[in-house]
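Here is a walk through one model, going from strands to a metal site, a pocket and a few backbone oddities. Have the structure open and follow along.

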Amino acid sequence: MKRFPFLVLLALTCTILLFHVVSLSTHVRNPTFIAAAAPDNLTSKTPVAADKYTGKTSLGESDNLDDLQESRSNHATRELLDPREKFHFSPQIANWDLQREKWLQKYPHKRLTPQGRPQTILVTSSPSGPCEYPTGDYFLLKSIKNKIDYCRLHTVEIYYNMAVMEMGGFWVKLPIVRRLMLQHPEAEWIWWMDSDAVFTDMDFEIPLDRYDGFNMVIPGWDDAVYKRREWTGLNAGIFLMRNCQWSLDFLDMWAALGEDYGDNKREMGEFVAKQLTGRGDFEIDDQAGLIWLLISRPELRSQVFLETSYCLHSYWVMVAPRFEEMLANFETGGERWPFITHFVGCKFCSGKYNSTPMETCDHEAKRAFNFADDQVLQPYGYKHASLSKHQVLPISHESIDPDEMVL
Ligand code: UDP
Ligand code: MN
């Protein structure tokens, strides 16, 4: 019973963590669509028949740009009501499960990690160019170091994207997740993580066994998404997708809602603003698109696991100021601290349209990074002098037994 208040607090943290600052306006997410050619590092070499980004759309036969725009725009309006038909990433694939299974039978040793877990690739991304905010690139460096450390410790592969693909801005997660599925048939799961999210529990492992029979895992609440239709009922900053045909189809349907042509994104933004609670009418974002897809296609829900039992995403405002308290609590038998801390509303790279002053974002992000880094440094015998200091101090580390030194 002594733990009760802390458990309540943790549940509250994981609940409020989905808070997604509504005051962030149209400007916050700043998508730019660039119909780029296929990045060199993502062409060919897959077991897919035609693995080349052709830019071909499945929508129009016309080569005339105006006709195409018009036919797309009409299509977009239909799409508002039924995101079933139109958009397909290239190359289109219909029998991925069979192709992948054949490949795995050829290379059976690639199915699992040496630790016997399903192969997983973590992917994150940042803009192609340098950050405008002076410490933005430094933040991104720390953010990727944090992810590399976690992946190294848990035998997860990692991929860092800086290319603008078929979709840009925060929609880039869709084409890159898809590409990784095709390029890496050995990977059972592709795990997306925003650049503004950091691991804060370096020990925790995702309980993949729990998701047999599911193809997507994302932090969120059934009632908030399906009953109350809240824009913040789930958070699309961190999710896992199984490498299978269902996921490829799902990504097509999701992307259809954020495809950029004509006035589509603004129209869709107005549409979802009416459908969802707590969202303004600015142009559509990936999170709103995902929620609308799940609302409008109920048959998809059975494959999507909305995870609340641990903090796959926690809202930094509730977590970052309390690391010392949470550590002390854990050390005296209390609950563990959140797995991932997400700095929603902090625009580290642009420095623009934050919901919180950049100084606060920077300060708390430094604490989160150092809190995780202490867990990485501990086996090496060091610890940050305090969570807001760069300086590290030696800690007593008496064992020189190699068995105990294994990280
Ligand atoms: N992102 C990207 N390129 C961009 C903009 C965004 O790769 O030009 C990625 C980046 O990983 C970022 C994620 O998309 O963390 C989602 O955007 P953001 O975190 O700003 O959205 P929020 O979580 O605040 O809603
Ligand atoms: Mn984010």
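In β9, S314 finds its bridge partner in T341. Two bridges join β8 to β9, and these strands run parallel; two strands pair if DSSP finds at least two bridges between them. Strands here are DSSP runs of E with at least two residues, and helices are runs of H or I with at least four, numbered from the N terminus. The pairing belongs to an open sheet of three strands, ordered β4-β9-β8, with mixed pairing. Its edge strands are β4 and β8 (314-315), each of which pairs on one side only.

A word on ground rules: this is a predicted model, where local features need pLDDT of at least 70, side-chain atom pairs count only at pLDDT 80 or more, and totals for chains, interfaces and linings use all residues. Residues are numbered from 1 along each chain as its sequence is written, chains are lettered from A and ligands numbered from 1 in the order in which they are written, and side-chain values use heavy atoms, with hydrogens and water left out.

Now for the metal. Which residues hold the manganese ion (ligand 2)? D194 (OD), D196 (OD), D196 (OD) and H342 (NE2) coordinate the ion at 2.2 to 2.4 Å. Donors are N, O and S atoms within 2.8 Å of the metal (3.2 Å for Na, K and Ca), and water is not among the atoms, so sites may look incomplete. Along the chain, the donors follow the spacing D-x1-D-x145-H. D196 sits in the loop between β3 (189-193) and β4 (197-199), while H342 is in strand β9 (residues 340-342), so the pair ties together parts that are 146 residues apart in sequence. Both D196 and H342 are buried, meaning under 20% relative accessible area, with exposed being over 50% and partly exposed in between (1.4 Å probe, protein chains only).

Elsewhere, strand β1 (residues 120-125) and strand β2 (residues 157-161) pair in the parallel sense over five bridges. S125 has N161 as its bridge partner in β2. Together with helix α4 (residues 136-154), β1 and β2 make a right-handed β-α-β unit; right-handed means that, with the strands pointing away from the viewer, the path from the first strand over the helix to the second runs clockwise.

Is helix α5 (residues 173-183) enclosed or open? In this helix 11 of the 11 residues are buried, so α5 is largely enclosed by the rest of the structure. Among them are K173, R178, R179 and Q183.

Finally, some backbone oddities. The peptide bond from S90 to P91 is cis, with omega near -10 degrees, and P91 is found in the loop between α2 (65-81) and α3 (96-106). Two residues other than glycine have a positive phi:

| Residue | Phi | Loop | Relative accessibility |
|---|---|---|---|
| T155 | about 50 degrees | between α4 and β2 | 31%, partly exposed |
| Y353 | near 60 degrees | between β9 and α12 (358-377) | 41%, partly exposed |

The T155 loop therefore leads out of α4 and into β2, with T155 itself partly exposed at 31% relative accessibility.
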